[in-house]
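Thanks for sharing this one. Here are my notes as numbered points, in case they help when you go through the side chains yourself.

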Amino acid sequence: MKIADIPFCTTDWSQIEPTEHAGETGVALWRTQHFGEIRVRIVEYSAGYLADHWCSKGHVLFCLEGELQTRLDDGRTFTLTPGMSYQVADGAEAHQSSTVKGVKLFVVD
């Protein structure tokens with residue numbers, strides 16, 4: 001990722017209207033900002049959320065609250081808790097997210 005042509009700015013995430021995205025089960029709420037080609041989001045998954053797709057987009061994902069389970073297409077699984085992150089490149093391991101009790105994430109992609 002190259003960050004270019006973005007002047008200094010701040011974001012009050014409480015002022016960004018969320019958009020709702022249905023999962024296979026549960027829902028995701030995204031608060032999204034775009035800075036050139038970079039998308040920055042606060043994402044909240046409801047309790048019982050399971051993504052309705054396998055994602056192959058690259059992300060830097062940081063867990064703010066709750067617990068996230070991520071399954072890779074090769075069968076490995078990872079759990080993020082507050083203060084943990086994962087990083088994955090575009091086109092690398094496909095991944096699918098879920099949470100039992102809900103989770104709040106900061107995502108850059």
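The points below cover salt bridges, aromatic rings and a few single residues.

1. A word on the source before anything else: this is a predicted model. Please read each distance and angle below as a value computed from that model.

2. Let me start with the charged side chains, where the count comes to four salt bridges. One of them joins Arg 39 and Asp 109, with N and O 2.8 Å apart. Arg 39 sits in strand β3 (residues 38-45), whereas Asp 109 belongs to the segment after β9, so this bridge ties together parts that are 70 residues apart in sequence. Arg 39 and Asp 109 are both buried.

3. Asp 109 has another partner: its side chain also meets that of Arg 41 in a salt bridge, at 2.7 Å from N to O. Here too the pair links distant parts of the chain, as Arg 41 is in strand β3 and Asp 109 in the segment after β9, 68 residues apart. The relative accessible area is 5% for Arg 41, which is therefore buried. Asp 109 has 10% and is buried as well.

4. A further salt bridge pairs Glu 93 with Arg 76, and their closest N and O atoms are 3.6 Å apart. Glu 93 comes from the loop between β7 (85-88) and β8, while Arg 76 comes from the loop between β5 (68-72) and β6 (77-80), so parts that lie 17 residues apart in sequence are tied together. Glu 93 counts as partly exposed at 35% relative accessibility, and Arg 76 counts as partly exposed at 39%. As for how the bridges connect, those that share partners join Arg 39, Arg 41 and Asp 109 into one network.

5. Arg 41 deserves a second look, since this residue also lies over the face of Trp 30, at 4.3 Å from the ring centre. The same side chain thus appears in a salt bridge with Asp 109 and over an aromatic ring.

6. On to the rings: the structure holds two aromatic pairs. Trp 13 and Phe 106 are arranged edge-to-face, with 6.3 Å between centres and 90 degrees between the planes. Because Trp 13 is in the segment before β1 (19-22) and Phe 106 in strand β9 (residues 103-108), the pair ties together parts that are 93 residues apart in sequence. Phe 106 has 29% relative accessibility and counts as partly exposed.

7. How are the rings of Tyr 45 and Tyr 49 arranged? Their centres are 4.1 Å apart and their planes at 5 degrees, so the pair is stacked. Tyr 45 counts as buried at 14% relative accessibility, and Tyr 49 is buried at 5%.

8. Both of these tyrosines turn up again around Ser 97, which lies in strand β8 (residues 95-98). Leaving out residues up to four places away in sequence, Ser 97 touches several others, among them Tyr 45, Tyr 49, Leu 68 and Tyr 86. Ser 97 counts as buried, at 7% relative accessibility. Gly 36, by contrast, is 26 Å away from Ser 97, C-alpha to C-alpha, and 61 residues apart in sequence.

9. Finally, a backbone detail you may like to check: Asp 5 is not a glycine, yet has a positive phi of about 60 degrees. Asp 5 is found in the segment before β1. Is this residue buried or exposed? With a relative accessible area of 79%, Asp 5 is exposed.

How values were computed: Residues numbered from 1 in each chain as written. Predicted model: local features only at pLDDT ≥ 70, side-chain atom pairs only at ≥ 80, totals over all residues. Heavy atoms only, no water. Phe/Tyr/Trp six-rings, centres within 6.5 Å; stacked < 30°, edge-to-face > 60°. Helix = DSSP H or I, 4+ residues; strand = E, 2+ residues; numbered from the N terminus. Buried < 20%, exposed > 50% of the residue type's maximum accessible area, 1.4 Å probe, protein only. Lys NZ or Arg CZ within 6 Å of the ring centre and 35° of its normal. Contact = heavy atoms within 4.5 Å.
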